[in-house]
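Work through the following exercises with the sequence and the model open side by side. Each one sets a task and then solves it step by step.

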Amino acid sequence: MIRKKLRMLLGILAGIAAGASSGYGATLILEDFQIPYPETYWNFRATKTEVLSGDEGNQLQLTYPKWSEGQERWPAAILECGSGKFQTADWRGYAAFAMTVFNESADFTIRFRLDDAHGNQYGTSFFLPKGEETVCIIPIRELAERLDVTQMVRWDLWLEMPPENRVIRLSDIRLADEPYTHRNVEALCRRQLKRLETAVQQLQATQGTAYTDQLLADIEQWQAIFTAPEHRSAKIAASREPRLEQLEQLTLAAAFFAGRQDDFTVYPVAPTRKFRQNQVPGTAVPETEIRLDAARGEAESRQLLVFANRKPLREVTYHSTPLTDEAGNQLFPELSVVGYVPVANPTRPGYGFGLRGDYPDILLPNQPFEVPAFHNQALWFSVWVPVNAAPGCYRGLITVTAANAPEIKLPVTLQVYAATIPKLGKLKTSWSYHAILARPEYYGADWTAELADAFIRQNLKYRFSVDRFAYDMTLDLPDTLPWNRVFQVDDGGNVAADWQEFDRRVEYWLAQGKNTFKNYYPGWLDKKSNLAAPAIEAQKLQLISRHLAEKGWADYFYLYVFDEPPPGEADNIKEVCDWIHRQGDNLNVILTSCHDNESEYVGYADIFVPHINVYDPAFGAERQAAGNQYWMYTCIGTAFTTYPDTWKIDSCGTAHRAIGWWLYKYGAQGYLYWELDWWWKNPWETAETFPNGNGDGSMFYPAPDRQSLPYPSIRAELTRDGFEDYELLHLLAERYAGNPPDEVNTLLTAAEIIEAPDRYHQAGDDDFIRLHRRLLELLD
């Protein structure tokens with residue numbers, strides 16, 4: 001396929017006449033810094049500016065200063081429509097918005113926002129390599145999906161708490177049919193030719209091998225494209241080829257395959273490592289045995305990469321014996337083949353891998369598979385250890401067999417420790433699904449009550465306490481608790497309750513390990529006037545309050561009736577909280593917040609859930625001491641940050657496991673995640689189920705047969721590992737209460753994992769395994 005595409009590009013070059021027009025289409029300049037004193041019509045928030053003049057026009061040098069306590073958290077450069085040359089609000093007549101940015105500082109990613117006149121916002125980011133010019137482009141058709149492009153009113157170029165001074169030169173902000181200027185294309189060609197030259201030099205050592213020779217032939221064709229006169233379209237198209245974007249990794253792969261003599265290799269790797277199918281783990285000799293360590297009540301996983309070294313592998317199968325101890329006790333592994341998800345809009349470097357391609361995430365049923373030559377296929381191996389398992393050493397054997405190659409066997413050792421993680425753990429979790437999975441294109445009418453219950457049990461294996469986020473409780477869809485059958489309202493407006501079925505369901509789910517429940521849903525209450533029948537809803541909440549008090553269940557339940565209220569809505573939210581608490585002071589109201597104004601809700605909210613970037617450990621400790629709960633959540637807000645998260649597909653797997661260590665280190669009692677099935681776009685076809693968020697809102701995948709449970713993701717497995725680490729850290733703190741030794745204190749402070757609130761040990765794949773083992777040894 002790559003050779004076919006390259007031939008097409010070369011054909012474009014050959015087919016363009018030497019005298020063909022090199023016009024760049026319609027262009028409208030929005031800012032070129034020719035108007036003096038931009039500080040008089042721009043809004044520069046906590047940034048330093050200087051206009052630089054040159055032969056190719058003016059540039060604005062922007063300095064975003066290193067952040068320190070007390071400074072502006074979000075320095076920005078903002079321009080409103082009607083200011084300077086930004087006089088056109090209607091952008092429909094152009095193909096793209098573009099601006100040229102030269103980065104004078106270290107590599108970093110800058111964030112960008114566009115607003116329309118209706119208050120809608122479009123956010124993205126651009127990776128800026130050190131010492132290079134970057135053309136930042138947004139297609140107008142993409143903007144039109146989110147904004148009214150006839151009424152564009154503002155843009156905002158900003159950073160959050162820069163760790164160092166960031167200096168850029170901004171020029172040529174424009175609307176254009178062709179966003180690349182002639183100067184841009186020349187710079188692009190120079191950069192690509194330098195990369196290609198470096199790759200050729202590195203490939204000399206393995207020249208003569210099949211993989212290297214194929215890659216060198218591709219490089220020769222790329223060089224022909226970038227050295228041809230003019231023909232910018234072909235050059236731009238070539239620069240966007242995923243295979244060229246991945247050139248440095250392909251060069252590493254050449255050395256890997258040059259050293260392989262067998263038909264195929266099985267490489268055990270840490271579960272947190274994510275490899276596209278044309279990536280390699282390095283040239284180290286693969287391990288010949290797999291070792292796992294687990295507490296009772298814990299699950300552990302490993303990943304195997306099957307490499308086809310010289311030829312395609314056909315009808316590959318993957319099996320394991322039971323894991324057996326000396327007394328004959330057995331544990332039965334779960335085996336999955338990993339599926340890959342296309343990423344077309346990659347998470348920017350620094351916050352993700354920054355490369356397009358297919359990324360590993362889906363845990364598919366274990367079925368025969370094929371592996372193309374010079375590619376890998378990931379396999380997943382999990383052991384779920386029951387709480388009553390006998391401690392000791394369990395052994396087994398993995399076998400990978402191909403129809404056209406000799407089989408490979410790998411011994412497996414699992415050490416089960418006496419430490420036990422209970423089903424009802426310390427960490428409270430709240431996960432939601434919106435029943436998008438019940439839409440006709442997914443499960444439709446096949447989403448039965450039995451399947452819904454099985455889905456909740458499946459989530460509980462991952463320590464995800466999940467409920468349907470029901471905007472309309474009258475919808476006839478399966479639910480965790482039978483709220484739509486509890487209450488009866490007579491003609492006089494009097495409410496009675498039948499708790500028999502409700503109690504059976506709560507007791508069942510508590511026994512399964514569910515430690516939170518969404519309470520009754522009286523409607524979306526960002527203001528009290530939303531209540532359609534206040535007197536009836538008040539009676540229902542009073543009945544709930546009394547019943548939960550009688551059963552001792554109040555701490556498990558919370559009302560989630562507003563979300564991330566903006567500061568201007570505080571009075572409305574307080575009125576809602578007061579009204580709820582008048583019906584029962586044990587009715588816990590949850591407050592999710594991303595605005596750093598939690599203190600305003602003291603005395604109103606009961607469970608404070610700040611987004612990770614506004615989490616305040618000191619405030620949290622104060623609230624916990626006062627009897628409130630203090631949790632944390634992540635969502636799209638971590639897209640352009642280095643905080644741990646649970647959802648980014650094209651980012652380090654260590655981010656997902658680090659979440660548990662982060663929660664423990666900073667004293668969070670719970671974790672909330674907004675969505676499991678945000679499948680408005682098919683997650684099999686695109687990772688970007690939420691704009692600019694590869695994986696956000698989609699932790700599972702709909703089963704194609706519409707009968708099986710949704711397929712879990714690698715991210716779910718790694719998040720589970722982090723939650724289990726959280727529980728082990730709590731057990732360790734209890735074991736060494738008082739005056740823990742230095743080693744224990746190092747673990748309890750997560751010193752080797754969490755480097756700062758917004759930074760974790762990204763390359764700590766093997767360190768997570770080592771520290772997890774040490775936790776178990778100290779507990780044993």
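**Exercise 1. Find which side-chain oxygen lies by a backbone nitrogen at the start of helix 12, and then establish which residues of helix 12 are buried and which are exposed.**

Step 1. At the start of helix 12, a side-chain oxygen of Asp616 comes to within 3.1 Å of the backbone nitrogen of Ala618. Helices here are DSSP runs of H or I with at least four residues, strands are runs of E with at least two, and both are numbered from the N terminus. The model is a predicted one, in which local features need pLDDT of at least 70 and side-chain atom pairs count only at pLDDT 80 or more, while totals for chains, interfaces and linings use all residues. Residues are numbered from 1 along each chain as its sequence is written, and side-chain values use heavy atoms, with hydrogens and water left out.

Step 2. Within helix 12, which spans residues 617-625, Phe619, Gly620 and Arg623 are buried, where buried means under 20% relative accessible area, exposed means over 50%, and partly exposed is in between (1.4 Å probe, protein chains only). Because these residues cover an arc of only 100 degrees around the axis, they lie on the same side of helix 12; the arc is that of the directions from the helix axis to the C-beta atoms.

Step 3. Ala618 and Ala625, on the other side of helix 12, are exposed. The buried residues of the helix pack against strand 31 (607-610) and strand 32 (629-633), with contact meaning heavy atoms within 4.5 Å. After helix 12 comes Gly627, whose phi is positive, near 100 degrees.

**Exercise 2. Identify the strands that pair with strand 11, and give a bridge partner for each.**

Step 1. Strand 11 covers residues 166-176, and 10 of its 11 residues are buried.

Step 2. Strand 1 (residues 27-31) pairs with strand 11 in the antiparallel sense over four bridges, and Glu31 stands opposite Ile173 of strand 11. Two strands are said to pair if DSSP finds at least two bridges between them.

Step 3. Strand 4 (residues 59-64) is also antiparallel to strand 11, with five bridges, and here Leu62 stands opposite Ile168. Strand 6 (residues 96-103) runs antiparallel to strand 11 and is joined to it by seven bridges, with Phe102 having Arg169 as its bridge partner.

**Exercise 3. Determine which residues touch the most other members of the largest nonpolar core, and what Trp661 touches.**

Step 1. A nonpolar core is a set of buried Ala, Val, Leu, Ile, Met, Phe, Trp, Tyr and Cys residues joined through side-chain atoms within 4.5 Å. In soluble globular proteins, nonpolar side chains tend to be buried together.

Step 2. The largest core has 129 residues, of which Trp483 and Trp661 touch the most other members. Helix 13 (residues 654-665) supplies the largest share of this core, seven residues.

Step 3. Not counting residues up to four places away in sequence, Trp661 touches Gly722, Asp725, Leu729, Leu747, Ala750, Ile753, Ile754, Phe768, Leu771 and Leu775. A second, separate core of 38 residues includes Tyr211, Ile219, Ile236 and Phe256.

**Exercise 4. Decide whether Gln377 and Trp447 are buried or exposed, and describe their surroundings.**

Step 1. Gln377 is found in strand 21 (residues 375-384), and at 6% relative accessibility it counts as buried.

Step 2. The side chains of Gln377 and Gln277 are joined by a polar contact of 3.4 Å. A polar contact is a pair of N or O atoms within 3.5 Å; within protein, one must be able to donate a hydrogen and the other to accept it, and residues adjacent in sequence count only if both atoms are side-chain atoms. Beyond its neighbours within four places in sequence, Gln377 is in contact with residues including Leu304, Val338, Tyr340 and Phe369.

Step 3. Trp447 lies in the loop between strand 24 (428-433) and helix 8 (449-461), and is buried, with a relative accessible area of 5%. Leaving aside neighbours within four places in sequence, the contacts of Trp447 include Tyr433, Phe455, Pro478 and Pro710.
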